[in-house]
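Please open the model in your viewer and keep the sequence panel beside it. The tour below proceeds by selections, each followed by a description of what is found there.

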Amino acid sequence: MSIERELNKRSGGKCELSGVTEDLKVYQILPTRKGGLDESVLINATLIDQIENPEKMDINLWRCLNDSMWSEHLPVQIVSWRMLSRLRNQELLDQMYLDEDDLAWAQATGEGEEDDNKIIHRDSNGVILEHGDSVVLIKDLKVKGSSMVAKQGTAVRNIRLDHENAEYIEGKVDGQQIVIITQYVKKI
């Protein structure tokens, strides 16, 4: 059975955060550990857009976190914790309990850290890179461990950020997942 069908069954065909029934999409929680149902939630596309684009945050859309933080499903709790952290709602965060491993997973994206401690990825021009952005290579890069050369001008879509090192991102080039140093890319 597909993840989307399983999530529909788990959620009763509703957004696992807000309870709405329209425009539902599967949201994969990053960084993934094993993938699958235990790392995904079914949520409204508007909320996904807000998660992926923090500058568009509309606090009124997130009042649903008062209820979703109590979900019996860990992925829903993780997303709730991250959004409460982003909204700096310490009162509700203090009420939540996540065991040590789950809290580490929730904190893996840097949510809840002070801005001074966050790892910020920047391209060769100093533009901030976010998860899911597209970049273009500004020089030919030899890929370690293979004979492949990623050519200058190659577009890399849907990048992932390394949450431990601000100089590394991941992306697919010619179908192969590689690590790329940020000083050799430019955001598209």
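**A tour by selection**

Start in strand 11 by selecting Val179, the residue that serves there as the bridge partner of Glu170. Bear in mind throughout that this is a predicted model. Extending the selection to strand 10 (residues 168-173) and strand 11 shows two strands that run antiparallel and are joined by six bridges. Both belong to an open sheet of three strands in the order 9-10-11, with antiparallel pairing. Its edge strands are strand 9 (160-161) and strand 11, each of which pairs on one side only.

**The second largest pocket**

Keep Val179 selected and add Lys139, Asp140, Leu141, Lys142, Val143, Lys144, Tyr168, Ile178, Ile180, Ile181 and Tyr184, which together with Val179 line the second largest pocket. The space in this pocket amounts to about 300 Å³. Two elements, strand 6 (141-142) and strand 11 (176-181), give two or more residues each to its lining, and the largest share, four residues, comes from strand 11. If you colour the lining by residue class, you should find eight nonpolar residues, four charged ones and no polar ones.

**A second open sheet**

Next select strands 8, 5 and 12, which form an open sheet in that order with antiparallel pairing. Strand 8 (155-156) and strand 12 (185-187) are the edge strands, each pairing on one side only. Strand 5 (residues 135-137) and strand 8 run antiparallel and are joined by two bridges; to locate this pairing, pick Val136, whose bridge partner in strand 8 is Ala155.

**The largest nonpolar core**

Now move to Leu17, Tyr27, Ile43 and Val79, which touch the most other members among the 28 residues of the largest nonpolar core. Strand 1 (24-28), strand 2 (40-44), helix 2 (45-52), helix 4 (74-86), helix 5 (90-95) and helix 6 (100-107) each supply at least two residues of this core, and the largest share, six residues, comes from helix 4. Centre the view on Tyr27 and display its contacts: leaving aside residues up to four places away in sequence, Tyr27 touches Glu39, Ser40, Val41, Ile43, Ile48, Ile51, Glu52 and Val79. A second, separate core of 15 residues can be found by selecting Leu129, Ala150, Val156 and Leu161, which are among its members.

**Arg82 and the cis peptide bond**

Which residues does Arg82 touch, not counting residues up to four places away in sequence? Select Arg82 in helix 4 and show its surroundings, where Ile29, Leu30, Pro31, Trp105, Ala106, Thr109 and Glu111 make up this set of contacts. Arg82 has a relative accessible area of 8%, and because this is under the 20% limit it counts as buried. Two of its contacts, Leu30 and Pro31, are joined by a cis peptide bond with omega of about -10 degrees. Pro31 has its place in the loop between strand 1 and strand 2.

**Two residues with positive phi**

Finish with two loop residues, beginning with Asp23 in the loop between helix 1 (3-11) and strand 1. Its phi is near 50 degrees, a positive value in a residue other than glycine, and Asp23 is partly exposed, with a relative accessible area of 46%. Then select Arg88, which lies in the loop between helix 4 and helix 5. Arg88 has a positive phi of about 55 degrees although it is not a glycine, and with a relative accessible area of 47% Arg88 is partly exposed.

Terms used. Residues are numbered from 1 along each chain as its sequence is written. This is a predicted model: local features need pLDDT of at least 70, side-chain atom pairs count only at pLDDT 80 or more; totals for chains, interfaces and linings use all residues. Side-chain values use heavy atoms; hydrogens and water are left out. A nonpolar core is a set of buried Ala, Val, Leu, Ile, Met, Phe, Trp, Tyr and Cys residues joined through side-chain atoms within 4.5 Å. Buried means under 20% relative accessible area, exposed over 50%, partly exposed in between (1.4 Å probe, protein chains only). Contact means heavy atoms within 4.5 Å. Two strands pair if DSSP finds at least two bridges between them. On a 1 Å grid over the protein atoms alone, a cavity is a set of points where a 1.4 Å probe fits but cannot get out, and a pocket is an open set with protein on both sides within 12 Å along at least five of seven lines; lining residues have an atom within 4 Å of a point. Grid points are joined across faces, edges and corners, and a volume is the space filled by probe spheres set on the points. Ala, Val, Leu, Ile, Met, Phe, Trp, Tyr, Cys and Pro count as nonpolar, Asp, Glu, Lys and Arg as charged, and the others, Gly among them, as polar.
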